[in-house]
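Thanks for coming, everyone. I'll keep this quick. Have a look at the structure on the screen, and then I'll walk you through it.

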Amino acid sequence: MKAHEDCVKDMTLVRGSPGGAATLFTGSYDGSWKAWDLRTGAGEEPLPMGGRVHCMIHEGNFLFVGFERTIEDFPGVPIGMIRAWNLA
């Protein structure tokens, strides 16, 4: 399992239940984010976002990822977008 292919721009830590493993989420300029099990050091396959990841935040059961990408209506112009995942 490989790490990111470009610099890591942001990360957020999600603490596990008491006695459970914590997970570190990293977002990269390679256009993906990745989850790391801090107990084992293992990382999941990167999840592609389609553009550079700029920020991440964990709130409640949700992980929010801010990234940029271009769309057909504005070719060549990066548009800021946010996606959310329910981690529960």
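**A walk through the strands**

Start with Lys-9. Leaving out residues up to four places away in sequence, Lys-9 touches Gly-27, Ser-28, Tyr-29, Val-53 and His-54. Lys-9 is found in strand E1, which covers residues 8-14. Is Lys-9 buried, partly exposed or exposed? Its relative accessible area is 42%, so Lys-9 counts as partly exposed. Now take Glu-45. Lys-9 and Glu-45 are 36 residues apart in sequence, and their C-alpha atoms are 18 Å apart in space.

One caution before I go on. This is a predicted model.

Now the whole chain. How many helices and strands does the protein chain have? Zero helices and seven strands. Read from the N terminus, the elements go β-β-β-β-β-β-β. The C-alpha atoms fill a box of roughly 50 × 30 × 15 Å, taken along the principal axes. There are 88 residues in the protein chain, and 27% of them count as buried. The accessible surface of the chain comes to about 5,700 Å². Carbon and sulfur atoms account for 55% of that surface. Then the contacts. Take those between residues at least 6 apart in sequence: 28% of them join residues at least 24 apart.

Back to Tyr-29, one of the residues that Lys-9 touches. What sits over the ring of Tyr-29? The charged end of Arg-52 does, 4.0 Å from the ring centre.

Next door in sequence is Asp-30. Asp-30 lies in the loop between strand E2 (23-28) and strand E3 (32-37). Asp-30 is partly exposed, because its relative accessible area is 29%. Which residues does Asp-30 touch, not counting those up to four places away in sequence? His-4, Glu-5 and Asp-6. Two distances from Asp-30. Val-65 is 35 residues away along the chain, with 14 Å between the C-alpha atoms. Trp-85 is 55 residues away in sequence, and here the C-alpha atoms are 20 Å apart.

**The aromatic residues**

On to the rings. The structure holds three aromatic pairs. Phe-25 and Trp-33 form a pair that is tilted: 5.5 Å centre to centre, with 55° between the planes. Those two values are what one quotes for any such pair: the distance of the centres and the angle of the planes. Are Phe-25 and Trp-33 buried or exposed? Both are buried. Trp-85 joins Phe-25 and Trp-33 in one aromatic cluster.

So where does Trp-85 lie? In strand E7, residues 79-86. Trp-85 has 23% relative accessibility, and therefore counts as partly exposed. Buried would need a value under 20%. Its contact list includes Trp-33, its cluster partner. The others are Leu-47, Met-49, Asn-61, Phe-62, Leu-63 and Val-65, leaving aside neighbours within four places in sequence.

**Strand E7 and the nonpolar patch**

Stay in strand E7 for Ala-84. Ala-84 is partly exposed, because its relative accessible area is 45%. Leaving aside neighbours within four places, Ala-84 is in contact with Leu-63 and Phe-64. Leu-63 is also in contact with Trp-85. How far is Ala-84 from Phe-62 in space, C-alpha to C-alpha? The answer is 6.4 Å, and they are 22 residues apart in sequence.

Phe-62 lies in strand E6, which covers residues 62-69. Phe-62 is partly exposed, since its relative accessible area is 36%. It is also part of a nonpolar surface patch. Which residues make that patch? Ile-57, Phe-62, Phe-64 and Ile-82, over an area of about 380 Å².

To recap. We have seven strands and zero helices. Phe-25, Trp-33 and Trp-85 form one aromatic cluster. Arg-52 has its charged end over the ring of Tyr-29. And Phe-62 has two roles in this tour: a contact of Trp-85, and a member of the nonpolar patch. That's it from me. Over to you.

Notes. Residues are numbered from 1 along each chain as its sequence is written. This is a predicted model: local features need pLDDT of at least 70, side-chain atom pairs count only at pLDDT 80 or more; totals for chains, interfaces and linings use all residues. Side-chain values use heavy atoms; hydrogens and water are left out. Rings of Phe, Tyr and Trp (its six-membered ring) pair if their centres lie within 6.5 Å; planes under 30 degrees apart count as stacked, over 60 as edge-to-face and the rest as tilted. Buried means under 20% relative accessible area, exposed over 50%, partly exposed in between (1.4 Å probe, protein chains only). A charge sits over a ring if NZ of Lys or CZ of Arg is within 6 Å of the ring centre and within 35 degrees of the ring normal. Patches are made of residues with over 30% relative accessible area and no salt bridge: like charges are joined within 9 Å, nonpolar side chains (Val, Leu, Ile, Met, Phe, Trp, Tyr) within 5 Å. Accessible areas come from the Shrake-Rupley method with a 1.4 Å probe; for residues, only the protein chains shown count as cover. A salt bridge is a side-chain nitrogen of Lys or Arg within 4 Å of a carboxyl oxygen of Asp or Glu. Helices (H or I, at least four residues) and strands (E, at least two) are DSSP runs, numbered from the N terminus. Contact means heavy atoms within 4.5 Å.
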